[in-house]
Amino acid sequence: MRGGVAFVVGVATALSSSSSSGGFGVWPGRGGALEEESGFGGITNQGNTCYLNAVLQALYHVPKFRATVLEGAKLRRGFWRRGPRKPKDALAMVFAALDKNETARTRALTRSLGVDPREQQDAQEYLRVLLEHVDASEFAGSATTELAVTDEEASEIGANVSRSKHETFLDVSLELKSTLRAAIEAALEPELLEDKWKTQDHGYRAATRSWRVAALPSTLVLHLKRFQFGPTGVAKMTHPLDFPEHFYDYFRLGEHYRLQSVVLHAGDAARGHYYAFVDPRLDGRWLRFDDERVTPVDFARVRSESMGGTQVAAYILHYVKLDEPPPGFVPPPPPPPPAVQEEEDDDDDVEDAPAEEEEVEEVPEKNETVSEPTANATRGFRGYVRTVRDRFFTARDNNESAPSGEIPDEDPKNASRSSAPA
């Protein structure tokens, strides 16, 4: 059974390479010439290396990264025949084959990485392993992690104690939520630590940890936490997660990203197969990369297979940063604020609040009607009810007719006021 994790990265600009013939149809070529859809080369599976194959396809289709790898290889002519020992040279060997639209082989790369091709590995882990050997600036963002005591602890200490750390990240790991926006917002919310934080001067204190993004990369890798440890070991989470083709300002930095690739895992935590979808030119023409096989698909299939809810689900999403929103693009509305539940009207509270009644500085003349908008503008609906009721009972106590239009329901607790002497 083949194993590993496939994932794909998108492309922000047109590819540059030679054209080929034969296949499923004609596309504009990577160098401006016409190219067949089947011109994209696949990668041979050595047994359980589909996770590595998909990672390599993903990295190859990032133009800046591909150029960096191949330019470095050109400085060392002749290493192809010797079989490179360094991972960066072996990676260039794979990219050189893909650049010719050939089926690439990965034996030299797995040897240089010390990988047993018969064992299943994780794509996210080996993406990072590969990026350690080359320039990974295309995928690098920066963020600040802050530890801070809770408000209660700060009040007790008499100071806000915190500590910040600036760091570089290559991906963002997200808990599974119903939507991508909800998952990102959850990652940006402060998290209460299970264990107390040992401060320098105030001992162990309850604290929160928050993560704030300072700068986002050109190619954003979003890792969905599908595999989690449980009582019986590692389990796969199949919860569905909806993700958009575009997103705007999810990280509160005014950023605009377009979906470029989706990483899928088919199977459970013990075994399975991994493959990837990629839109190489950001023009909506998607491809399915599955080891040696490269086939065209439409976005409807990408979405239907990636949403989750079954044993086949998205594992990693890749978005490419765009300079500005496209014409006519409308960013999704922000989530509604939490509803504020108003207190119910309580006649007892109205009657037992003399301080509220004393706020009335001017009493209208007899039979003067105060309009509801005026009352609401000064003290709200509750104040309006109190004012009207006071004038009504005052008029009755003085043997005067009630002001027209002001006949509130009589409170049983105040019924005796109708018989009170003038």
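Trainee: In which strand is Thr145 found?

Mentor: Thr145 is found in strand β3, which covers residues 141-149. Please keep in mind that this is a predicted model.

Trainee: Why is Thr145 called buried?

Mentor: The relative accessible area of Thr145 is 19%. Buried means under 20%, so Thr145, at 19%, is classed as buried.

Trainee: What makes the pair Thr145 and Glu167 a polar contact?

Mentor: Their side chains are 2.8 Å apart. The limit for a polar contact is a pair of N or O atoms within 3.5 Å, and the value of 2.8 Å therefore meets it. Leaving aside neighbours within four places in sequence, Thr145 is in contact with several residues, including Glu167, Arg163, Arg209 and Trp211.

Trainee: What is the order of the strands in the open sheet of four strands?

Mentor: The order is β4-β3-β9-β6, and the pairing is antiparallel.

Trainee: Why are β4 and β6 called edge strands?

Mentor: Strands β4 (162-169) and β6 (191-192) each pair on one side only.

Trainee: How do you know that β6 and β9 are paired?

Mentor: Pairing requires at least two bridges between the strands. Two bridges join β6 to β9 (residues 207-215), so the requirement is met. Within this antiparallel pair, Glu191 has Arg209 in β9 as its bridge partner.

Trainee: Is Asp242 buried, partly exposed or exposed, and what makes it so?

Mentor: Asp242 has a relative accessible area of 32%. Partly exposed covers the range between 20% and 50%, so Asp242 is partly exposed. Asp242 lies in the loop between β12 (233-236) and β13 (246-248).

Trainee: Which residues does Asp242 touch, not counting residues up to four places away in sequence?

Mentor: Asp242 touches Ser178, Thr179, Leu180, Arg303 and Met307. With Arg303 there is also a polar contact between the side chains, at 2.7 Å. In addition, the C-alpha atoms of Asp242 and Gly308 are separated by 8.6 Å, although these residues are 66 residues apart along the chain.

Trainee: Why are helices α1 and α4 called roughly perpendicular?

Mentor: The axes of α1 (residues 50-60) and α4 (residues 87-99) cross at roughly 70°. Angles of 65 to 115 degrees count as roughly perpendicular, and the two helices are therefore described in that way. Their axes come within 11 Å. Where they meet, Leu56, Gln57, Leu59 and Tyr60 in α1 face residues of α4 with which they are in contact, among them Leu91, Val94 and Phe95.

Trainee: Which residues of helix α6 are buried?

Mentor: In α6 (residues 123-131), the buried residues are Ala123, Gln124, Tyr126, Leu127, Leu130 and Leu131.

Trainee: How do you know that they line one face of the helix?

Mentor: Seen down the axis of α6, the buried residues fall within an arc of 170°, so they line one face.

Trainee: What makes Asp122 a cap of α6?

Mentor: A side-chain oxygen of Asp122 lies 3.1 Å from the backbone nitrogen of Gln124, at the N-terminal end of α6.

Trainee: Why is strand β18 called largely enclosed by the rest of the structure?

Mentor: Eight of the 10 residues of β18 (residues 312-321) are buried, so the strand is largely enclosed. Strand β10 (residues 219-224) is joined to β18 by five bridges in the antiparallel sense, with His223 partnered by Ile316. Strand β14 (residues 256-267) also pairs with β18 in the antiparallel sense, over nine bridges, and His265 has Ala313 as its bridge partner there.

Conventions
Residues numbered from 1 in each chain as written. Predicted model: local features only at pLDDT ≥ 70, side-chain atom pairs only at ≥ 80, totals over all residues. Heavy atoms only, no water. Buried < 20%, exposed > 50% of the residue type's maximum accessible area, 1.4 Å probe, protein only. Arc of directions from axis to C-beta. Polar contact = N/O pair within 3.5 Å; in protein donor to acceptor, adjacent residues only side chain to side chain. Contact = heavy atoms within 4.5 Å. Axes fitted to C-alpha atoms, helices over the stretch in contact; angles between N-to-C directions. Parallel < 35°, antiparallel > 145°, perpendicular 65-115°, else oblique.
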